Amino acid sequence: MKAMKIMILLLSVVLISCSKSGKKALESGKYYEAALQAIDKLRKDSNNDKALEVLPNAYQLAQEDLLRDISRAKLANQQFKYERVVDDYAKLNELHDKIEKCPSCRKVVSPDSYFREYEDAMELAATERYEFADAILRKGTIDAGRSAYDNFSELARYAPNYKDVNAKIEESLFVGSYHVVVEQPNINSKMYQYSNDFFRGKVDEFLQTNRRLNKFIRFYQPAEAKQLKLNPDHVVRLEFIEFVVGETNLKSEKINVTSKDSVKTGTAKIGGKNVDVYGLVNATVTRNHKSVRSRGLLSMEIYDYKSKKVLLRDQLPGEFIWDNKWASFNGDERALSKLDLEAVKFKEEMPPPAQQLFIEFCKPIYDQFSTRIKRFYDKY
């Protein structure tokens, strides 16, 4: 049993050694991977017999495979065929560079370089991708802009300095985007102008933070759109269609209360002795509750600027209620319950200023606006 375990262990070591040396990949026909594994093994162990045996065969077969694939690709009637050629030349040059940096590898392989061929293929691949993307961009539609953006971005991935590719990416992004102007609500009231500025400020902050809600959605303030002489795709119109600030409701109730248990109410002389007298005591409690309700309703409309078709019409409500509870009493304090005892500690307070009340009911409206507009443009 012990001998069997030792044999299995030795077999595992051999298999791992073969795998790391590239022998297994070579036998599987994965010549490029086999060459890389053999090179890596020899960089760590310059005298590894298996890797020294694998590398010459793996390199020759990998080179033949890649050059054959390059020839087929050049003859193929296939779009972006030179990008495939670029990838294959890149692999050949990678093998060249790795072998050149490995002294023990150079003893068994003299690698060929294909740097000139790589540069020529890169130029052809970049030209092909650029011309294809530019032709799409000239169509001028949103879908064309998005397709051109993807293609120019792919070009920038392998040829970042080719012509004006970065400027073309920005141009494609502009053409492929929905340009959305957001019109802020106006309130013709000096009393609430500061509060309206708060709401407008929150919306402006949202637009600045989410200038691009996603890659292809661009928000503008009206002044910015005017300066750019922009014809938007969509317009978001916000308008307060109603609001009430400081709607006050006051409730007061008087309640006669009696102590739950008997308490000492005085003394009496009985049989010449002073004796404590116990009994129930009473009080009148006045409980007060003042609530100040402020609310508003914001109309949110998104319409197509060119067709004037309404794409979304919604109403966003907001409400804020300020509460003040207090109590007072006449009579014996010991008649009061724990709740009443706590309530009489509080006094009547003045509600917040009207502008602050306006701000408070605007907060939930803003939250709904930001959530709603994000959800609407998810599909764009």
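Buried means under 20% relative accessible area, exposed over 50%, and partly exposed in between, with a 1.4 Å probe and protein chains only. The model is predicted, so that local features need pLDDT of at least 70 and side-chain atom pairs count only at pLDDT 80 or more, whereas totals for chains, interfaces and linings use all residues. Residues are numbered from 1 along each chain as its sequence is written, and side-chain values use heavy atoms, with hydrogens and water left out.

**Exercise 1. Burial of single residues**

Determine whether Lys229, Lys74 and Ser177 are buried, partly exposed or exposed.

Step 1. Lys229 has 75% relative accessibility and therefore counts as exposed. Its place is the loop between α11 (222-227) and β4 (234-258); helices (H or I, at least four residues) and strands (E, at least two) are DSSP runs, numbered from the N terminus. The phi of Lys229 is near 55°, a positive value in a residue other than glycine.

Step 2. Lys74, in helix α4, is at 37% relative accessibility and counts as partly exposed. Not counting residues up to four places away in sequence, Lys74 touches Lys81, Tyr82, Val85 and Tyr89, where contact means heavy atoms within 4.5 Å.

Step 3. Ser177 lies in the loop between α9 and β1 (178-183). With 1% relative accessibility, Ser177 counts as buried. Residues up to four places away in sequence aside, Ser177 touches Ile142, Arg212, Lys215, Phe216 and Asp233.

**Exercise 2. The nonpolar cores**

Identify the residues with the most contacts inside the largest nonpolar core, and the helix that gives the most to this core.

Step 1. A nonpolar core is a set of buried Ala, Val, Leu, Ile, Met, Phe, Trp, Tyr and Cys residues joined through side-chain atoms within 4.5 Å. The largest one has 50 residues, and Leu55, Phe152 and Leu155 have the most contacts inside it.

Step 2. At least two residues of this core come from each of α2 (23-27), α3 (31-44), α4 (49-75), α5 (81-100), α7 (115-137), α8 (142-158) and α9 (165-175). The most is given by α4, with nine residues.

Step 3. Another core, of 31 residues, lies apart from this one; Phe199, Leu207, Leu213 and Val245 are among its members.

Step 4. Leaving aside neighbours within four places in sequence, Phe152 is in contact with Tyr130, Ala133, Asp134, Leu137, Val165, Lys168, Ile169 and Ser172.

**Exercise 3. The buried side of α9**

List the buried residues of α9 and explain why they are on the same side of the helix.

Step 1. The buried residues of α9 are Val165, Lys168, Ile169, Ser172, Leu173 and Val175.

Step 2. Around the axis they cover an arc of only 160°, which places them on the same side of α9. The arc is that of the directions from the helix axis to the C-beta atoms.

Step 3. The cover over these buried residues includes α7, α8 and β2 (212-214).

**Exercise 4. Aromatic pairs**

Classify the ring pair of Phe219 and Tyr377, then that of Tyr366 and Phe369.

Step 1. Rings of Phe, Tyr and Trp (its six-membered ring) pair if their centres lie within 6.5 Å; planes under 30 degrees apart count as stacked, over 60 as edge-to-face and the rest as tilted. The whole structure holds 17 aromatic pairs.

Step 2. The ring centres of Phe219 and Tyr377 are 5.9 Å apart and the planes stand at 80°, so this pair is edge-to-face. Phe219 belongs to strand β3 (residues 217-220) and Tyr377 to helix α13 (residues 354-377), so the pair ties together parts 158 residues apart in sequence. Both Phe219 and Tyr377 are buried.

Step 3. Tyr366 and Phe369 form a tilted pair, with 6.3 Å centre to centre and 40° between the planes. Both lie in helix α13, three residues apart, about one turn of the helix. Tyr366 is buried at a relative accessible area of 13%, and Phe369 counts as buried at 0%.

Step 4. Ring pairs link Tyr178, Phe206, Phe219, Tyr366, Phe369, Phe376, Tyr377 and Tyr380 into a cluster.

**Exercise 5. The hairpin of β7 and β8**

State in which sense β7 and β8 pair, and locate Lys308.

Step 1. Strand β7 (residues 282-304) and strand β8 (residues 310-331) pair in the antiparallel sense over 21 bridges; two strands pair if DSSP finds at least two bridges between them. Leu298 stands opposite Leu316 in β8.

Step 2. Lys308 is found in the loop between β7 and β8. The hairpin has five residues between the strands, and Lys308 takes a positive phi near 65° there.

Step 3. The charged end of Lys308 sits over the ring of Tyr305, 4.2 Å from its centre. This description requires NZ of Lys or CZ of Arg within 6 Å of the ring centre and within 35 degrees of the ring normal.
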